[in-house]
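Look at the chain below. The report that follows covers its packing, its surface and its backbone geometry.

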Amino acid sequence: MSPAAQAGGRGAGARIDYVSPLPPVRSGIADYSRDLLPHLAPLCDLRVVRVPGQPVADELAERWRPVDAAESGRGGRLPLYQMGNNRYHEGVLRMALERPGVVTLHDVVLHHLLIESTLAREDFEGYRERLAADHGWVGEMVARARDWGEVGDAALFSLPAHRTLVRRQRGVLVHSRWAADLIREENPDVRVRPVPMGVPLPPPVSAAAGRALRERLGIAADRPLLGSFGFQTPIKRTLTAIGALASPRLADAHLLVAGEVSPALDFERRAREAGVADRVHVTGFLDYEDFEAAIAASDVCLNLRYPTAGETSASLLRVLAVGRPTVVSDYAQFAELPDEVAVKAPLGEGEEEALAGLLAELLADRGRLAAMGAAAREYVARRHDPAAAAAAVAAACGELAEAEPPGAAPLAPPPPTTLTWLELAGEIEVEGAGDGWGEGEARRLEIALSNTGFSRWLATRNETGGVLVEVQWRRRVDEPALAREWRDLPRDVAPGETFHLSIETRRPLEAGVLIVEPHVIGAGGFGGLGGPVWISDV
């Protein structure tokens, strides 16, 4: 045991209460914390906090002596939270909301965690409230859509559901510039610091272990092998990789999928449909040694992602650290990788064909594969050294320890408009339509339109969704119109705003009722949409 550990991790710098899942929890963040703690301890007064309801491996408990969650942040200590996007971080989230500190966002998107803690427990109201708190009317509408049975992945990634969390913290740490920019875009007053993710540099891959795994799986030593690693979800694009395997250019190649598979995926069916079932090998979860052997057995490793929760992939860095050439999606934080370290596959139409072409070129050039592997290992050693990463974390915590959380702020998403929001509230006042208006007489009406609702009324020039003001004459309210006149709304009317419109109109013969009503082009009159109508006997 190191002197720092024996002393409870007390060193110079900030007084940090470290809050994270730890092994044996099956989480990449638990592994990250296990590797970071020994390097962080000498740099600060470090105390490990047990996440409520989670076990801690005996050897880690003996070394770090975790304290109860109720102790976190007491006596002016700084909680340092490790936040991910799965159920293992529900307790971390509760603590971070109650006791502000510094949070490391391993995933910028926390929408999946929100669903796990609300909808998965049939708590729709909790889901609606929290999504609306983070995303205003947009979140409210997405929540309503889910209540109506509309389920899709788009909102999971477009609404990150992290705003309340990050605004209650003294600062936020992330592992890429892309993630930092994403948070600052909507929260410019949140203090965000990019820090490298520490990855211990393991020994180079064991060729013997790789050959042994190939033999167990029945893959000949001379066959090209592609590898996809870690928990398999639709965003990892492994279905795309299976489709690419059907290309004649990859006729001899095999695909190894090493990791747990989401129930939403059926790799076997996709492989049968593509005619490559005999060349796709799905292992399920592997222990550490077999996982390393699977990487060693692969000629090219795949780390495709779309969309992304903003995570820096620990499985990708492990692959790079052992010196394996890798293909990633040309997207988000993965675009920051140097070209000599990772080949970037385009997304969109023709993705399978493009991926097949890139892989065929790589597999045909063994010299290039070797050079990429060496560059990848050097990149991790330089950019993700655990000691340097710990120093960056300690420095950021020291800087942010006394900062004040920015706290809640008005949401800034643009209001809905009459193009998309068909619940309209407002008031209409009309001057100039008093008694004594003779048949055939022309008068000028002064109309005040007040938008008391939630949506912006669009000007007529917007065509669909724009607003026209109708002046209608009838004998009686329940009879058809004798005459109609239309006037443009020359500009948008924002929520809370009153717009004045001057209209000249002539009373037809026999007309006894005047109606003034705005209309939404393509939808109908305001009256049918819950909005205002002005009606008067003249």
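## Contacts of Leu-173

In this predicted model, Leu-173 touches Leu-80, Val-102, Val-103, Thr-104, Leu-105, Arg-193, Val-195, Val-393, Ala-396 and Leu-400, leaving aside residues up to four places away in sequence.

## Nonpolar cores

Leu-173 is also one of the residues with the most contacts inside the largest nonpolar core, which has 43 residues. The others named for their contacts there are Tyr-18, Leu-40, Leu-46, Leu-80, Leu-320 and Val-393. At least two residues of this core come from each of strand 1 (15-19), strand 2 (45-49) and strand 3 (78-83), and likewise from helix 2 (28-40), helix 3 (58-64), helix 14 (314-321), helix 16 (366-383) and helix 17 (386-400). Helix 17 supplies the largest share, 6 residues.

Another core, of 28 residues, lies apart from this one. Among its members are Leu-302, Val-327, Leu-355 and Ala-356.

## Surface positions

A nonpolar patch on the surface is formed by Val-477, Val-533 and Ile-535, with about 230 Å² of accessible area together. Ile-535 belongs to strand 20 (residues 534-537). Its relative accessible area is 47%, so Ile-535 is classed as partly exposed, a class that ends at 50%.

Ala-264 sits in the loop between strand 8 (254-258) and helix 12 (267-274). Ala-264 counts as exposed because its relative accessibility is 62%, and the cut-off is over 50%. Between the C-alpha atoms of Ala-264 and Phe-499 the separation is 52 Å, with the two residues 235 apart along the chain.

## Backbone exceptions

Most residues other than glycine have a negative phi, and most peptide bonds are trans. The peptide bond from Pro-23 to Pro-24 is cis, with omega near 20°. Pro-24 is located in the loop between strand 1 and helix 2.

Two glutamates have a positive phi: about 60° for Glu-122 and about 70° for Glu-510. Glu-122 is in the loop between helix 5 (111-117) and helix 6 (124-147), and at 74% relative accessibility Glu-122 counts as exposed. Glu-510 is in the loop between strand 17 (498-506) and strand 18 (513-520). With a relative accessible area of 48%, Glu-510 is partly exposed.

## Confidence

The average pLDDT of the chain is 89, and 94% of the residues score at least 70. Residues 1-11 have a pLDDT below 50, and this stretch makes 22 contacts in the model beyond near neighbours in sequence. Where pLDDT is low, the predicted coordinates should not be read in detail.

Definitions and conventions: Residues are numbered from 1 along each chain as its sequence is written. This is a predicted model: local features need pLDDT of at least 70, side-chain atom pairs count only at pLDDT 80 or more; totals for chains, interfaces and linings use all residues. Side-chain values use heavy atoms; hydrogens and water are left out. A nonpolar core is a set of buried Ala, Val, Leu, Ile, Met, Phe, Trp, Tyr and Cys residues joined through side-chain atoms within 4.5 Å. Buried means under 20% relative accessible area, exposed over 50%, partly exposed in between (1.4 Å probe, protein chains only). Helices (H or I, at least four residues) and strands (E, at least two) are DSSP runs, numbered from the N terminus. Contact means heavy atoms within 4.5 Å. Patches are made of residues with over 30% relative accessible area and no salt bridge: like charges are joined within 9 Å, nonpolar side chains (Val, Leu, Ile, Met, Phe, Trp, Tyr) within 5 Å. Accessible areas come from the Shrake-Rupley method with a 1.4 Å probe; for residues, only the protein chains shown count as cover. A salt bridge is a side-chain nitrogen of Lys or Arg within 4 Å of a carboxyl oxygen of Asp or Glu. pLDDT is the predictor's confidence in each residue, from 0 to 100.
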